[in-house]
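Reader: Could you walk me through how to read side-chain packing and cysteine pairs in a structure? I would like the general idea, then the case at hand.

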Amino acid sequence: MVKHQPLQVYEKQVFVSFVTGIYGCRWKRYQRSQDDSSRWECTWFVILCSSFLLLLFWAYFWLVAQNDFNEFNWLVYNRSGEWRDETIPILASTTVGFSYITFLLILALFHISLGQQLNLYWVHKIGLLATLLTTISGVISIDDLWGDEWDILLLSLQSTAPFLHIGALVTVTAISWLVAGYVVRRERSNFQVMMLLIYMVILLVVYLAPLTFTCPCIMDRHSLRPRPDIIGRRGAPMLAPENTMVSFNRALQYGASSLEADVTISVDGFPFLMRDRTLRRTTDIHKVFPARQYDDASLFNWTEIRSLNAGQWFLESDPYWTVETLTARDRSRIGNQTVCSLVEMLRLAARANGSALLNIRRPPPEHPRYRSWFMDTLWAVQKAGISQKRVTWTPDTDRGRVRGLQQTANEKLSLEEMRQRGITSLTLHYSKASHKDIQEYLANNVSVTVYPVNEPWLYSLLWCSGVPSVSSDAPQVLRKVPYPIWLMSRNAYNFIWITSNLVSIAVVIGIFGFQKWRMRGMQTYNPEHIMLSAVARRTSRDVNIMKEKLIISELNNGLSSTEELCLYPENGYATYSHGGLSH
């Protein structure tokens, strides 16, 4: 007499159900399959991988572009006329999209690792396409609006390349598990050979990638130059309204050795500090002179300009999310700020024994002071009582009239041009100051100031390059960088590089060997032992459906009073009995 003969043994596969359920909405066992994925589903997997790589690039771009968020918002303001932090929705959508695509990719890789057929749910297909198209449109928009910012990617690699290389090495090494599982199958095909060759080429490229790196911070620490001086660019505009006395005082408090300001000449010849062409963004002109809020700032006289409030906008718009950190006293001082004159700023620099860098905006041709702007600026310098040797200004014009004052060029020039024009200093955007150019300028006694430098990684990179000074919107951030973020000798890096490559090679060989041994054991397994045994299993979809139909058939036929269908959910058995006999 045989009792409780199991019809089917169901082993609980919670993790598999979770993976296939979320990825393809296949929660039931009979919905899953271990057959090869269709070409259509493989195409969706390729689209998923491509979307992940694009979003990875997009996320990395915004990570390093934090250095220029202020420039981006100002650029958008000049186009739209409204000031708001446009980076918030971009960062939020990028974070959500990248997390979603990364999660789907992880589920897809688990499918491959578990031998499950790929079958992306239609809702995820729509989400994938929406995320991909949104990212592509974002890339196109940024290229049109802020195309020059792409240069920061190549510059950032000089700082991040060694770490990105380690991450890429770990990734391609881990992928060898999936590649080996596919390549060592019993069936042989040209596609398997092609996949293996592609993987080996990628692996070789990752191994040899450090040969192309140019990292200034891979150097002997004894060759490190002194810490670059910090110039407060418009003061400390993240802590107080730009180009105001409070802002300049904050910059000096946080260690700035020089102050940088934007100078505009009023209609009556009084130099004052203003970055924008109009007064709309940084003053309350819409309340005081509503009919003139779109007029050029240089077309106002000094009395009118002085009557405007230049601090309340900072408290209301909170452009850098820092207002909450201010004390009540600081808010009161900021709320009462007026437009700062050039004389006031230069006197402050003189008292602090510092210097000044002036970006002078020449008046338009119809301006009454169009021909006398130079004398107006020189008058302000003399009235402030600061040594003329401590004042540097741009643009590099009217050099014949400048005696005692320092002039700097804000464009990249050859050494020959600099000798002909008598220029000994340059103020360059960081995208135009390559490591090679900086070394060449320094070797010929040319002083280089790089702007804008707001992030520690960029400050550290320029420090390793030997830059003597940087102009920053965030002196409070750079003050916390007493030493380059990372510094490594060439021998130490070569050791890490070679060792990590050798470890990766050993792991890859071990994975291929293990997968070969594992596949050989599966090929020698007796298929007769898979089913009809309480201790063995088979995951064939067809057999599962057959057994489930058998149970349902018994229920549909009806059971007599002496028949009983017995389920044992705790061990996965399904049995039935007739009288005293159980099957």
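**Packing and cysteines**

Author: Happy to! Keep in mind that this model is predicted. Let us begin with one aromatic side chain: leaving aside residues up to four places away in sequence, Phe61 touches Ile142, Trp146, Glu149, Trp150, Ile152 and Leu153.

Reader: Which residues touch the most other members of the largest nonpolar core?

Author: That core has 70 residues, and Trp58, Phe61 and Trp62 are the ones that touch the most other members. Its top contributor is helix H2 (residues 39-64), which supplies 10 residues. A separate core of 30 residues lies apart from it, with Met245, Ala256, Leu348 and Trp373 among them.

Reader: Now the cysteines. How many disulfides does the count come to?

Author: In general, a disulfide is a covalent bond between the sulfur atoms of two cysteines. Here the count is 1 disulfide, joining Cys217 to Cys464 with an S to S distance of 2.3 Å. The partners sit 247 residues apart, in distant parts of the chain: Cys217 is in the loop between helix H7 (190-208) and strand S1 (229-233), while Cys464 belongs to helix H17 (residues 456-465).

Reader: Are Cys217 and Cys464 buried or exposed, and what is the handedness of the disulfide?

Author: Both Cys217 and Cys464 are buried. The torsion about their S-S bond is about 95 degrees, so the disulfide is right-handed.

Reader: Why is there no bond from Cys215 to Cys217?

Author: The closest cysteine sulfur to that of Cys215 is in Cys217, but at 8.1 Å it is too far for a bond. Cys215 is buried too, with a relative accessible area of 7%, and Cys340 is buried with a value of 1%.

How values were computed: Residues numbered from 1 in each chain as written. Predicted model: local features only at pLDDT ≥ 70, side-chain atom pairs only at ≥ 80, totals over all residues. Heavy atoms only, no water. Core = buried A, V, L, I, M, F, W, Y, C linked by side-chain atoms within 4.5 Å. Buried < 20%, exposed > 50% of the residue type's maximum accessible area, 1.4 Å probe, protein only. Helix = DSSP H or I, 4+ residues; strand = E, 2+ residues; numbered from the N terminus. Contact = heavy atoms within 4.5 Å. Disulfide = S-S within 2.5 Å.
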